[in-house]
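Visitor: I am new to this structure. Please take me through one part of it closely, and keep the sentences short.

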Amino acid sequence: MLMKFSERLKELRKEKGFTQRALARRLNYGCTTIANYERGKNRPKFEDLIKLADLLDTSIDYLLGVSDIRYEMMPYKMIEKKILKTAIQNDITLVAMDRLIIWFIYQTLKKNYSDEIQKNDLHNDKEAMKNIMQSVEKKCCVEFSERFYYFIRNDLIRDAIMSQI
């Protein structure tokens, strides 16, 4: 059975040697914030989950108790993490759809251009990477539009979605 967020937070905090107060201070939180999380009184915002997972050196899924995989760091997760950090630093709010978009861009790039980038060592060629990303943008737009309209027009899928509202 998977643990709850409050239990995971406490376990990870202790493993890292933090007191509740020290962890709160490190994250610039009020002194009772961590205690309230661990008692299940409050839940952190998404941005705070990212900070906690970073500091406790774990995945958000593990911290939330939805996975027993502690360090899931697939390449697109690392990219997502960098993007989320940048967004937080620049006071940009990301929504759930952004995670899907990041994954979609990554998968399109990997599927269509990974071999070309590796074979020709294009990582540091800004012009080549810019051109590749423009192609990825076009492919993503076309594929997303096709998939979106397929799902939105499919009666079975639409009914399943509507039944959950």
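Visitor: How many aromatic pairs does the structure hold? Please start there and look closely at the rings.

Guide: This is a predicted model. The structure holds 6 aromatic pairs. Let us follow two of them.

Begin with Phe104 and Phe144. Their ring centres are 6.2 Å apart, and their planes meet at 70°. An angle over 60 degrees counts as edge-to-face, so this pair is edge-to-face. Now place the two residues. Phe104 lies in helix H7, while Phe144 lies in helix H8. The pair therefore ties together parts that are 40 residues apart in sequence.

How covered are these two side chains? Phe104 has a relative accessibility of 16%. Buried means under 20%, so Phe104 counts as buried. Phe144 has a relative accessibility of 37%. That value falls between the cut-offs of 20% and 50%, so Phe144 counts as partly exposed.

Next come Phe148 and Tyr149. Their ring centres are 5.2 Å apart, with the planes at 80°, so this pair is edge-to-face. Phe148 is partly exposed, at a relative accessible area of 39%. Tyr149 is partly exposed, at 42%.

Now join the two pairs. Phe104, Phe144, Phe148 and Tyr149 form one aromatic cluster.

Some of these rings also belong to a nonpolar surface patch. Phe144, Phe148 and Tyr149 are among its residues. The patch covers about 950 Å². Other members include Val95, Met97, Leu100 and Ile101. Trp103, Ile105, Met133 and Ile152 are members too. A patch residue needs over 30% relative accessible area. Phe104 has 16%, so it counts as buried. Phe144, at 37%, is partly exposed, and it is one of the patch residues.

Which helices supply the patch? Helix H7 spans 96–119, and helix H8 spans 126–153. Each supplies at least two residues of the nonpolar patch.

Look at the loop between H7 and H8. Asp121 lies there. Asp121 has a positive phi of about 50°, although it is not a glycine. Its relative accessibility is 56%, so Asp121 counts as exposed.

Asn28 also has a positive phi without being a glycine, here about 60°. Asn28 sits in the loop between helix H2 (20–26) and helix H3 (33–38). Asn28 is exposed, with a relative accessible area of 71%.

Now step back to the whole chain. The chain has 9 helices and 0 strands. Its radius of gyration is 20 Å, well over the 15 Å that the globule rule gives for 165 residues. The chain is therefore more spread out than a compact globule. Its C-alpha atoms fill a box of roughly 50 × 50 × 30 Å, taken along the principal axes.

Turn to cover and contacts. Buried residues make up 32% of the 165 residues. The accessible surface of the chain comes to about 11700 Å². Carbon and sulfur atoms account for 55% of that surface. Consider the contacts between residues at least 6 apart in sequence. Of these, 51% join residues at least 24 apart.

End back at the rings. Phe104 in H7 and Phe144 in H8 make one edge-to-face pair. Phe148 and Tyr149 make another edge-to-face pair. The four residues form one aromatic cluster.

Note on methods. Residues are numbered from 1 along each chain as its sequence is written. Side-chain values use heavy atoms; hydrogens and water are left out. Patches are made of residues with over 30% relative accessible area and no salt bridge: like charges are joined within 9 Å, nonpolar side chains (Val, Leu, Ile, Met, Phe, Trp, Tyr) within 5 Å. Accessible areas come from the Shrake-Rupley method with a 1.4 Å probe; for residues, only the protein chains shown count as cover. A salt bridge is a side-chain nitrogen of Lys or Arg within 4 Å of a carboxyl oxygen of Asp or Glu. Helices (H or I, at least four residues) and strands (E, at least two) are DSSP runs, numbered from the N terminus. Buried means under 20% relative accessible area, exposed over 50%, partly exposed in between (1.4 Å probe, protein chains only). The radius of gyration is taken over C-alpha atoms; the globule rule is 2.2 Å times the number of residues to the power 0.38. Contact means heavy atoms within 4.5 Å. Rings of Phe, Tyr and Trp (its six-membered ring) pair if their centres lie within 6.5 Å; planes under 30 degrees apart count as stacked, over 60 as edge-to-face and the rest as tilted.
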